[in-house]
Structure formats: C-alpha cells, structure tokens
Amino acid sequence: MKTNLSELQASLNEDGIAYYLIPTADPHQSEYIDDSFKFREYISGFTGSAGTLVVSPKSCWLWTDGRYYTQAEEQIDTSHIQLMKQGTDGVPTVLEFLDEHLEPEQIIGTNGKYISEDYGKKISRIAKKHKAVFRANMHYVEKLWINRPSTTKNPIYIHDISYAGETIDEKISKIRAVMEQAGAQSYFLSALPDIAWLFNLRGDDIKCTPVFYGYAWITEEKIYLFIHENCLSATAIPYLKEHQVIVMNYEEIVPFLEKQRGTVMLDSRSTNYLHGQTLFKCKIMDQPNPTESLKAVKNETEIANLKKYHLYDGIAMTKFIYWLKTQIGQIPMTERSVSQRLEEERQKQPDYMGLSFDTICAYKEHAAMMHYQSDEESDVPLEPEGMLLIDSGAQYYGATTDVTRTFILGPISEEEKKHYTLVCKSMLLLADAKFLAGCRGSNLDIIAREPLWAEGIDYRCGTGHGVGYFLGVHEGPNAFRWRSNPESLDAVLRPGMVTTDEPGVYLPGKYGIRTENMLLCKEQRQNEYGSFLEFEPLTLVPIDLDGIDFTLLNEKEKQLLSEYQQLVYDRISPHLTQDESAWLFEQLC
C-alpha cells in the first residue's frame, strides 16, 4: 500500500537523491506553523511542534526532543521510521548524522525556504567536506501534497499605543542606532513576532499567535513592510502612511532582495536559506535580531498590563479550579470537556483574544507526554482519583499567559505525592532566587532541578522560556536551562524580562506532573557588591495542596508556599463568589 512516505521515497529513488530533509518550519523559521507548512507531519504522521525528518530512498529518521519522545513513538510507523531521541547519549544530531553518512557525489536536498541561513550553511559545509552535493531548491513534498491547505491571510490590525507603550518611530530609532553602531546600511527582518512588535501591529495568520506573514527592510532613511495584499485593516493603512512605512506585496520579497547591495544586518537563525543566498551580492553582518532583545524587556506600560491581565487570567483559572474540584465525580467530565470549560471561563474576561497554545489537558498516564493533545480517540473520562495536568494559556490584548497546574482528583500513591511535592518545591525555590545582574538563566536552572536531581530524577526539557507580550508564548532570548551552548547562549537576565518556571516529573505509562508560573525579573537591591535582581510572580493561580506532603518541605519552603497562596487569595478573592472565595480561603496554609 502506498503511503505519503513511500511515494516520497519512490521519487527520491527515481531522481537519485540520497537524503531529503524535511524540517518543522515556515519561511520565517517560526516555532508554531500554519497548516500549509506542516510537511513533516504530512509525511510522518507526527504532530509535535518540533522535529526534523530525514528521508532516504529506503529509510527514514525522525529527530525530536524529550518533550515528544512518547508522543512520537505512538504516532509514527516505527517499522518504517526510526525515532532519533535528540539529546540522549549515543544519538547524533541531524548534522552529525549527515557528516557520518554522506558519501562523495551523493545528493542531499531540501527546500531552502524552510531551513535557516545558518543551518543551510552548515549542511553546505558538510556536503563540501564529503564532496557531495547540496541542493536547496527541491519541492518534493509540495508536489505530493495534492490537497495542501492554502496559506492563511487574515486582517492585520493596530496594537494600540496604550498597550504597546512605544511608537513605531521610537522603536525604529532604536534599531537604526544599532545599525549605525554596527556599520550596517540595511536591516532585514524575517521573524514574525519581531515584525509585529516593531510595527505595533497584530494579525491572526498562525493559530494561537497574533502575528501576520511579513518581512521588513529598514535603511537609514526608508522602512519597507512586505505583507499579503488586501490584509491591512482600514485604520492600519493610514497608520502606516503616517509613519512613512512603504508597504509592498509579500511575494515581491525575492525580486527586492536580488536588487540589494551594501552592508546588510540580519539574523541567520531566522532568515531562511533561500533569502540568505539571494543576498549574495551584499556584505552580510550576521548577528541576533536587535528586536529580539528589545521586545524581551517589557516597558512600564507593558508590565502594568501584564499584571492587570494576569489577574483576569487568575480569576478565570481559579473559578475553573473551584468547579473542577467540587464537581469531579458529581458530573461527567473528560479531558476535552474540561478544556472547553476552562476556555469558557477565560472568554468571560476582558479583551480575551483566544488561546496562546492548544491546551494540554492530560489525565493520569497521558500527562507523561509533555505536549499531549487529547482528540476524539484519546479523550478519556475523568474519575475522582489520580492526577490531571492542565497546561494552558491565553492571549489578551495586553498579555500572553502560560500556566500549568496538576490537580489531585482523588486518591494518589505515596510516590505521586512525593513527586508532586518535589515539583512544587522546585518551582517555588527558583521563583525565590536572588542573584547578581549578569546572571543567565543557565546560571539559575540548578535551583529548580536540585530537589529532583537529589532523587535521581530529571525532566528532558528546559525549566522555562521567555514569553511575548500579546505575541508568541515561546520567545527568546531569555530562558532557564542547564545545558549551555557556547554558540547560542541564553540571554543575561534583565529587569522587565518574563520567563516561565516549570519543572516537572514525567514517568511514561504512569503519570506526569508540572507546576508552572510566569516570573517577571525586577531589581531587588543595589549595594557594594553590585545590582541584585529577583523575580515577581505574574501568575495568580492557587496550587492544589491536596498533593503536598508537608513533611518533605523545610520551614523556608513551607513559608514560600504559604506566601504564594496568600498572594493569590488576596488578589483573586475579591473577584469571586462567596462560595468560591470560601473555597480559596481553604487553600491557605
């Protein structure tokens, strides 16, 4: 029987292609992608948000990270696709695999629009090393995918200055200052969240992420914005004219780039290989997008709105938790029905704009899959026993939220209670960190992992990621992770940065536990040793105390838990019904 994979392999065999690379990306190297660009999913069946497929005429390999090992094993045909668990001992990276297997005159192909300029250059170097051939102009999957969805083209609207806190002109002036200092004549920007932030515009082209497809080209005198035709809202057209932004058709970007000369600043991690190679007549200054670090530090207006909308989000979450905890066992519930109930609570809040990612609602062993998605086949009823993990978030006009709580629905084992307590302890200890300015997230990650490492337990992912402002739920350059890559260091933590704090325990076939808050970095004190920083929790959602074994907490840890629960009660209770408020009062410790 022919499958998508077998058809692709037949084409590769006919054309003499040794390896064909299918990443998870769009032309902007976005993390979450529109259905139109899910080529890897089309061929492999794996639906995770991260992964790379390498196909040869007779074999196939799928690389993905620790968040998706269990999910990938369930979704792919392991008789035809080998799962490569990246990050584990003995498993090479895709580049190491190619370096090991490529032979002289063999051809490795891909579509250059869907790999970064940086990654494409690395593949090219490996091909040259082995006297092989690298071709980045191939479209095999596009030709096979007969009913491929068209690319989304939704309206683009203004993100008002009362929320953005800075005008286009102010942001552009900062970019031009960076350009001047670097000696660049032009700046090419492909990253969609950065473009939306820079122009104070938002869209709806990618599910759960309020961005639009576009490119930006900035010179010392001109500003170009490339977008799909007829997508600007009625108010956005004069708005861009007012700020002297030249609007061009999205499809004109390649002819435009072909005409460029001089010194161009760009980030090869977010510029696709096709565009990078089109600029071959320019002198390229490859450096991280200045927009990335600028938008990571929230301004005073943004911080005020983050606190305001996290209160709204906390109200919705707390009302949902009250319903869940008091109704479990009383009315029918499933993973999907409680996800819907939670979204309904958020929809009641001001300026709700949708989910910030597909809700992860995972009961018992399903929660061992970090990014589990319940569907009609996997959806299970909830009973008054075991644990339910819900990782969810929302887009509000003034915030992007991301929160995880694991709920105790009934009796759990001593092991489960121990692991639940350790995860809670890990989250609270990192949130309480005091540190000197200059520290990176990788300097602090051990604070969260130490309670788990002491028990010989780890989680195969970072402890936290940066979060955008009514933008992407995952945004750099700030993060918490213990693995430090000298080529791509996580950012120095600065006041105004927002990062998640989400340690966990995941035991395949048994259960998963995660507790997650969003943290705002802020100044703590200044003395003869320098500037000290700390975190303030933005998330205002109670922790389920039914899973806590207080004998595993020392006095400081008990105090941290008590203070957090009190903070939630003080901020949230005035917005609850009498019964909800009384229940929340019982969550104090």
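This report walks through the aromatic pairs, nonpolar cores and two buried polar residues of the structure above. The model is a predicted one, so please read every value here as computed from predicted coordinates.

**Aromatic pairs**

Let's start with the rings. The count of aromatic pairs comes to 32. One of them brings together tyrosine 19 and tryptophan 61, with ring centres 6.2 Å apart and planes at 45 degrees, so this pair is tilted. Tyrosine 19 belongs to strand β1 (residues 19-22) and tryptophan 61 to strand β3 (residues 60-64), so their pairing ties together parts of the chain that are 42 residues apart in sequence. Tyrosine 19 and tryptophan 61 are both buried.

Another pair is made by phenylalanine 188 and tryptophan 217. Their ring centres are 5.8 Å apart and the planes meet at 45 degrees, so this pair is tilted. Here, too, distant parts of the chain are linked: phenylalanine 188 sits in strand β8 (residues 186-189) and tryptophan 217 in strand β10 (residues 214-219), 29 residues apart. Phenylalanine 188 and tryptophan 217 are both buried.

A ring can also have a charge for company. The charged end of arginine 449 sits over the ring of tyrosine 459, at 4.0 Å from the ring centre.

**The annotated domain**

From the record, UniProt (in an unreviewed entry) places the feature "domain: Creatinase N-terminal" at residues 6-124. In the model, that span is 33% helix and 17% strand, and its end C-alpha atoms lie 27 Å apart.

**Nonpolar cores**

The largest nonpolar core has 76 residues, and Leu8 and Phe199 are those with the most contacts inside it. Helix α9 (residues 192-199) gives the most to this core, contributing six residues. What does phenylalanine 199 contact, leaving aside its neighbours within four places in sequence? The list is Ile168, Ala216, Ile223, Tyr224, Leu225, Tyr239, Leu240 and Val245. Apart from the largest core lies another, of 67 residues, with Ile328, Ile408, Val423 and Leu519 among them.

**Two buried polar residues**

Now for threonine 24 and histidine 465. Threonine 24 is found in the loop between β1 and α2 (39-44). Is threonine 24 buried or exposed? Its relative accessible area is 17%, under the 20% cut-off, so threonine 24 counts as buried. Leaving aside neighbours within four places in sequence, threonine 24 is in contact with Ser30, Ile33, Arg40, Ser49, Ala50 and Gly51.

Histidine 465 lies in strand β22 (residues 464-465). With a relative accessible area of 15%, again under 20%, histidine 465 is buried as well. Not counting residues up to four places away in sequence, histidine 465 touches several residues, including Asp402, Asn478, Ala479, Val498, Thr499, Thr500 and Glu516. Val473 and His474 are also among the residues that histidine 465 touches, and both return in the table of polar contacts below.

| Side chain of | Partner | Distance |
|---|---|---|
| threonine 24 | side chain of arginine 40 | 2.5 Å |
| threonine 24 | backbone oxygen of glycine 51 | 2.5 Å |
| histidine 465 | backbone oxygen of valine 473 | 3.1 Å |
| histidine 465 | side chain of histidine 474 | 3.4 Å |

Taking each residue in turn, the side chain of threonine 24 reaches the side chain of arginine 40 and the backbone oxygen of glycine 51. The side chain of histidine 465 reaches the backbone oxygen of valine 473 and joins the side chain of histidine 474.

Terms used. Residues are numbered from 1 along each chain as its sequence is written. This is a predicted model: local features need pLDDT of at least 70, side-chain atom pairs count only at pLDDT 80 or more; totals for chains, interfaces and linings use all residues. Side-chain values use heavy atoms; hydrogens and water are left out. Rings of Phe, Tyr and Trp (its six-membered ring) pair if their centres lie within 6.5 Å; planes under 30 degrees apart count as stacked, over 60 as edge-to-face and the rest as tilted. Helices (H or I, at least four residues) and strands (E, at least two) are DSSP runs, numbered from the N terminus. Buried means under 20% relative accessible area, exposed over 50%, partly exposed in between (1.4 Å probe, protein chains only). A charge sits over a ring if NZ of Lys or CZ of Arg is within 6 Å of the ring centre and within 35 degrees of the ring normal. UniProt positions are given in the numbering used here, feature names are shortened, and annotations may be inferred rather than shown by experiment. A nonpolar core is a set of buried Ala, Val, Leu, Ile, Met, Phe, Trp, Tyr and Cys residues joined through side-chain atoms within 4.5 Å. Contact means heavy atoms within 4.5 Å. A polar contact is a pair of N or O atoms within 3.5 Å; within protein, one must be able to donate a hydrogen and the other to accept it, and residues adjacent in sequence count only if both atoms are side-chain atoms.
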